[in-house]
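Hi,

Here is the structure I promised to pass on. Have a look at it first, and then read my notes below.

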Amino acid sequence: MEPADWPASKALRLEALQDSPTAYCETYADAVGLPDERWQALAARGAVGGDSFQVLAFVDSRPVASCVGYRERDDAGLAAVYVTPSWRGRGLLDRLVREVAGWARAEGAPRLRLLVHESNAPAQRAYERLGFVVTGHREPYPLDPSTDEVEMALTL
Ligand SMILES: CC(C)(COP(=O)(O)OP(=O)(O)OC[C@H]1O[C@@H](n2cnc3c(N)ncnc32)[C@H](O)[C@@H]1OP(=O)(O)O)[C@@H](O)C(=O)NCCC(=O)NCCS
């Protein structure tokens with residue numbers, strides 16, 4: 001994506017936080033109050049030339065899906081994965097992950113890792129279909145530490 005895509009990225013992120021509150025480590029209430037400078041800075045980091053890699057998919061100028069790849073120690077991480085409900089089950093996750101996996105390979109990362117909430121079975125199944133496997137590592141979900149997030153990884 002380009003830095004100028006920040007309004008679309010912001011709109012989709014706010015939609016995601018309302019649609020799936022336990023899928024992310026941030027609440028809608030916190031995010032909706034952020035100044036536009038924060039959204040612009042985030043978009044600049046994910047855009048070409050930034051230190052992470054954000055993919056933003058549009059249909060007829062409307063943002064419908066997004067995710068972010070980032071370097072995490074020796075590996076790459078995948079986060080902020082979201083497909084708008086009317087576009088789920090149509091292969092967009094596969095396309096997003098392929099883009100990030102290509103970026104991560106070019107960065108020299110051996111694995112693409114993610115954390116998914118233990119209750120999010122549809123997402124876990126979707127990642128398994130794409131070749132991710134459960135690593136065995138779990139960690140408390142920051143917004144509700146009585147529950148866990150499960151780590152999954154794709155060998156690149
Ligand atoms: C997880 C997610 C990214 C998968 O994207 P996708 O493009 O739908 O991926 P898939 O095509 O592989 O389908 C995934 C599942 O969604 C189901 N699905 C299809 N259409 C759907 C819809 N309109 N609403 C809800 N689920 C739907 C699919 O049937 C499949 O579930 P199944 O394993 O029970 O068959 C997407 O469902 C999503 O954005 N969910 C909300 C946010 C989220 O959980 N993000 C992941 C955080 S780790």
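What follows is a short tour of one strand, its neighbours and the ligand site.

Please keep in mind that this is a predicted model.

Let's start with strand S3, residues 75-83. Seven of its nine residues are buried, so S3 is largely enclosed by the rest of the structure.

On one side, S3 pairs with strand S2 (residues 62-72): the two run antiparallel and are joined by seven bridges. If you want a landmark for this pairing, Tyr70 has Gly77 in S3 as its bridge partner. S2 and S3 also make a hairpin, with two residues between them. Arg73 sits in that turn and has a positive phi of about 45 degrees.

S3 has another partner too, strand S4 (residues 111-117), and here the pairing is parallel, over two bridges. Ala76 is bridged to Leu112 in S4. To get from S3 to S4, the chain passes through helix H4 (residues 92-106), and this β-α-β crossover is right-handed.

Now to the part you may like best, the ligand. Its shell holds 17 residues, and the closest are Arg88, Gly89, Leu93, Ala123 and Ala126. Which elements give two or more residues to that shell? They are S3, H4 and helix H5 (121-129), so the strand we began with turns up here again. H5 gives the most, with five residues. Sorted by class, the shell around the ligand has 11 nonpolar, three polar and three charged residues.

Happy browsing, and do write back with any questions.

Best wishes

How values were computed
Residues numbered from 1 in each chain as written. Predicted model: local features only at pLDDT ≥ 70, side-chain atom pairs only at ≥ 80, totals over all residues. Buried ≥ 20, exposed ≤ 12 C-beta atoms within 10 Å, placed from the backbone. Helix = DSSP H or I, 4+ residues; strand = E, 2+ residues; numbered from the N terminus. Pairing = 2+ DSSP bridges. Right-handed = clockwise from strand over helix to strand, strands pointing away. Near = placed C-beta within 6 Å. Nonpolar A, V, L, I, M, F, W, Y, C, P; charged D, E, K, R; others polar.
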